Amino acid sequence: MDWYPLFNSLRIALISSVIVFFTGIFAAYYIARLNRAAKGILDVVLTLPLVLPPTVVGYFLLVLLGTRRPLGMWVMEHWGVKLVMTWYSGIFAAAVVAFPLMYRTARGAFESFDETLADAGKTLGLSNTWIFWHIRMPACRQGILAGAVLAFARALGEYGATSMLAGYTPGKTATISTTVYQLWRTDNEALAFRWVMVNLAISAVVLLTVNMLERREKRLRSRQLSGGRGD
C-alpha cells in the first residue's frame with residue numbers, strides 16, 4: 001500500500017491550516033470591529049467558499065492561477081513556478097475552502113470577548129498588540145482552537161477544488177480523497193475501502209478533539225460563573 005496520499009494530504013492540510021489560522025484570526029479581528037454594513041458585505045465575500053460547490057471554487061482558482069492566466073503566467077515567467085497541477089496547488093485549494101470555518105469561528109470568539117478587559121488594559125498603558133496577544137487571544141483560545149481543528153479537518157478531506165487545481169498523479173499530487181475516487185473508478189474497491197477507513201479514523205480523532213475543546217470551555221465557564229457567584 002502506497003502511503004504517499006496520506007503523507008501528501010497531511011502535508012497540504014497542515015500547511016494550509018497554518019495559513020488559514022493567521023489569516024482567519026486577523027480577518028475576524030478587524031472585521032468584527034467594523035460597522036454592520038461593511039461587516040455584512042465582507043462576511044458574504046469571505047464565507048462564499050463555504051457554500052459554493054468545491055468544483056466551482058476550483059474553477060475560480062483555475063481562472064486565477066492557471067498557466068494561461070495573467071497571474072499564473074507572471075509567476076511562471078518570473079519565478080519559474082507552476083501554480084497548478086503540482087502537490088502544492090492543493091494548498092491553495094485547501095486554504096480557500098477551509099478559511100471560512102476558521103474565520104467564522106474566530107469572529108464568533110472575538111465578538112463574545114468582554115471588551116471591558118481590553119479597556120482595563122488600555123487604562124494601564126498597555127498597547128493594543130500586547131492586549132491582543134496576552135488578553136484577547138487567551139480569553140478566546142478555546143473557540144480559536146476549535147476553528148483551527150475544523151479547518152484542518154476540512155482541508156484534509158477536500159476533494160473538488162483540489163482535483164481541479166492539482167489533479168491526480170500517483171506519487172506527485174495524489175491525496176486521500178482523489179485516491180479514493182480513482183480507485184473506485186478503476187474498480188479497486190478493496191483498496192479504496194482501506195483509504196476510506198484511514199480517512200474515517202483521522203476524522204474521528206479530529207471530531208473527538210473538537211468535542212474535548214468544547215467540554216473544556218464549558219467547564220471553564222462554569223467555574224468562572226461559580227467563582228463570580230461566590231464573590
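**Exercise 1. Determine whether Glu111 is buried, partly exposed or exposed in this predicted model, and identify the residue whose side chain meets that of Glu111 in a salt bridge.**

Solution. The relative accessible area of Glu111 is 40%. Buried requires a value under 20% and exposed a value over 50%, so Glu111 is classed as partly exposed. The next step is to look for the partner, which is Arg107: the two side chains meet in a salt bridge with an N to O distance of 3.1 Å. Arg107, in contrast to its partner, has a relative accessibility of 13% and therefore counts as buried. As to their placement, both residues belong to helix H5 and stand 4 residues apart, so about one helical turn separates them.

**Exercise 2. Work out which helices are tied together by the salt bridge between Arg104 and Asp43, and classify the accessibility of each partner.**

Solution. Begin with the geometry: the side chains of Arg104 and Asp43 meet at 3.9 Å, N to O, which falls within the 4 Å cut-off for a salt bridge. Arg104 is found in helix H5, residues 89–111, and Asp43 in helix H2, residues 36–51, so this pair ties together parts of the chain that are 61 residues apart in sequence. For the accessibility step, Arg104 has a value of 40% and counts as partly exposed, whereas Asp43, at 10%, counts as buried.

**Exercise 3. Describe the salt bridge of Arg136 and Glu115, and then state which residues are joined into one network by salt bridges that share partners.**

Solution. In the pair of Arg136 and Glu115, the closest N and O atoms are 2.9 Å apart. Arg136 lies in helix H7 (residues 128–139) and Glu115 in helix H6 (residues 115–123), so that distant parts of the chain, 21 residues apart, are linked by the pair. Arg136 is buried, its relative accessible area being 4%, while Glu115, with 35%, is partly exposed. Turning to the network, salt bridges with shared partners join Lys39, Asp43, Arg104, Arg107 and Glu111. The search of the whole structure gives a total of 5 salt bridges. As general background, side chains of opposite charge can pair when their charged atoms come close.

**Exercise 4. Establish how many cavities of 30 Å³ or more the structure contains, and characterise the lining of the largest cavity.**

Solution. A search of the whole structure returns 1 cavity of 30 Å³ or more, and the space in the largest cavity comes to about 60 Å³. Its lining is made up of Ser9, Ile12, Ala13, Ala94, Ala155, Leu156, Glu158, Thr162 and Thr175. Two or more of these lining residues come from each of helix H1 (4–31) and helix H8 (141–156), and H1 contributes the most, with 3 residues. Sorted by character, the lining consists of 5 nonpolar residues, 3 polar residues and 1 charged residue.

**Exercise 5. Place Ser16 in its helix, decide whether Ser16 is buried or exposed, and list its surroundings.**

Solution. Ser16 is part of helix H1. Its relative accessibility is 1%, and Ser16 therefore counts as buried. A polar atom of the Ser16 side chain lies 3.1 Å from the backbone oxygen of Ala13, and Ala13 is one of the residues lining the largest cavity. When residues up to four places away in sequence are set aside, Ser16 touches Ile91, Ala94, Ala95 and Ala155. Among these contacts, Ala94 and Ala155 also appear in the lining of the largest cavity.

Methods:
Residues numbered from 1 in each chain as written. Predicted model: local features only at pLDDT ≥ 70, side-chain atom pairs only at ≥ 80, totals over all residues. Heavy atoms only, no water. 1 Å grid on protein atoms, 1.4 Å probe; cavity = no way out; pocket = protein on both sides within 12 Å on 5 of 7 lines; lining within 4 Å. Points joined across faces, edges and corners; volume = space filled by probe spheres on them. Nonpolar A, V, L, I, M, F, W, Y, C, P; charged D, E, K, R; others polar. Buried < 20%, exposed > 50% of the residue type's maximum accessible area, 1.4 Å probe, protein only. Polar contact = N/O pair within 3.5 Å; in protein donor to acceptor, adjacent residues only side chain to side chain. Contact = heavy atoms within 4.5 Å.
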